[in-house]
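Okay, thanks for coming, everyone. Let me put the model up and walk you through a few spots.

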Amino acid sequence: MTTDVNLRELVLEILLAVTRDGEYSHTVIREMLEKYQYLDKQERSFLKRVSEGTLEQMIWIDYVINQFSSVKVNKMKPQIRCILRSGVYELNFMDSIPASATCNEAVKLAQKKGFHRLKGFVNGVLRGISRNLNQISLPDAGQEQIRYLSIRYSVPEWIIELWRNSYSLEETERMLQTFLGETPTSVRINPLKTTQAELKAELTAQGITVIDNETTPGALYLKHYDFLGKIPAFQEGKFYVQDASSMQVALWAEPKPGDFVMDVCAAPGGKSIQMAEMLWSAENGESGMVEARDLTEYKVSLIEENIARCGLLNIRAVQADARVFDETKAEKADIVIADLPCSGLGVLGRKPDIKYRITPEDCRELGALQREILHTVQQYVKPQGVLMYSTCTINPMENEENVRWFLKEHPQFELERQQQILPEKGKNDGFFLAKLRKEASHII
């Protein structure tokens, strides 16, 4: 690496922002990569991999550190804790980097941050781990099944217990394995600007690996690209980054030419934009309209930015609180999309810090918020219209249980279809969706 930028110092900044300051990992890493666009591909890859990997493997890493350190991880200074964590990640997962280099650079970084007295401590812990990595043992899988899975896959025990109540051991472990696997970027083609064949040819010519999504029309997977924002096809709105599971919402909703669609928690706008594209391409020329709503000015600005990039005219962004009923829209929508705030347990592979910040109490509060929003937004659905309820989590309290509650409270709706999609390696996140239709005879 030839740059004057200290990449490990940038990794430290990212880890501190997430673990100490409570910022979201995907946002911090994206902003760091945007700030340092001038770094070469190898350097940027190192920065991203070590930052994401350290967060992804943090429970296992702390388990290892605690076996070799006289001071437990939770008692350490935040800077020292993060330096050791990223150092352990390098030692175990970055075979191309000599252990001596990892240890030396960690000591230098500790000194640079003012911890001169702790350089021996940092050096001793990392060198002890490097000499004994092959001898580190996990809890017995037979005697301490949940604890073993928690440390092996770096997921808190309460989440594993939650899944074991609904899924077999094999299904649970498969999900845990999936979250630790490398996932290509899932994208959806903008049919108003290109075709699948044209986009594949364009991206392949730029050295990007393009893989067909065999189950979702108009979807591809991308690998081996440097910076998404630099890809001309992305800048021109020829494709939109969206998980394959998320794409099912619009496909299940089956919009008709001329439909009015409301997306009540829309940012950054993927489902709204997909719906607008589907309406715009309707054969009889009736484009319909999508109203993409969200709570804050910032979130609305994200939607507007994506609308402009994709070049759509049949969609508008509106700032509105989904909990507050808008009388002007009573029974006006053919389709209401309610992709609601949730615990995010289906996207741990892309947002690993979620598993450390979310709690069972948060899940209960989110479940109650989802019910409040559903109770409000169902009033926008026309007779014979559709309410699409979805979350990016794997938690019956926020999914199936909410659907049962909704049908009991709002018997004018019937459940046409629902599915809990489990994460699948290299293909999709975990996701839940339910299609609810309002009876034609109902009048507010």
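**A buried arginine, some cysteines and a patch**

Let's start with Arg 81: this residue is buried (under 20% relative accessible area, 1.4 Å probe, protein chains only) yet has no salt bridge, and the nearest side chain of opposite charge, Asp 62, sits 6.6 Å away. For a salt bridge I mean a side-chain nitrogen of Lys or Arg within 4 Å of a carboxyl oxygen of Asp or Glu; Lys and Arg count as positive, Asp and Glu as negative, with His and the chain ends not counted.

Quick caveat: this is a predicted model, where local features need pLDDT of at least 70, side-chain atom pairs count only at pLDDT 80 or more, and totals for chains, interfaces and linings use all residues. Numbering runs from 1 along each chain as its sequence is written, and side-chain values use heavy atoms, with hydrogens and water left out.

Back to Arg 81, which is in helix 5, residues 78–93; helices here are DSSP runs, H or I, of at least four residues, and strands are E runs of at least two, numbered from the N terminus. What does Arg 81 touch? Leaving out residues up to four places away in sequence, Val 73, Asn 74 and Met 76, with contact meaning heavy atoms within 4.5 Å.

Now cysteines. Searching the whole structure turns up zero disulfides (cysteine sulfur pairs within 2.5 Å). Cys 392 is in none, and its nearest cysteine sulfur, from Cys 342, is 3.5 Å away. Cys 310 is buried at 1% relative accessibility.

Last stop, Leu 313: this one sits in the loop between helix 15 (297–310) and strand 7 (315–319).

Notes: Buried < 20%, exposed > 50% of the residue type's maximum accessible area, 1.4 Å probe, protein only.
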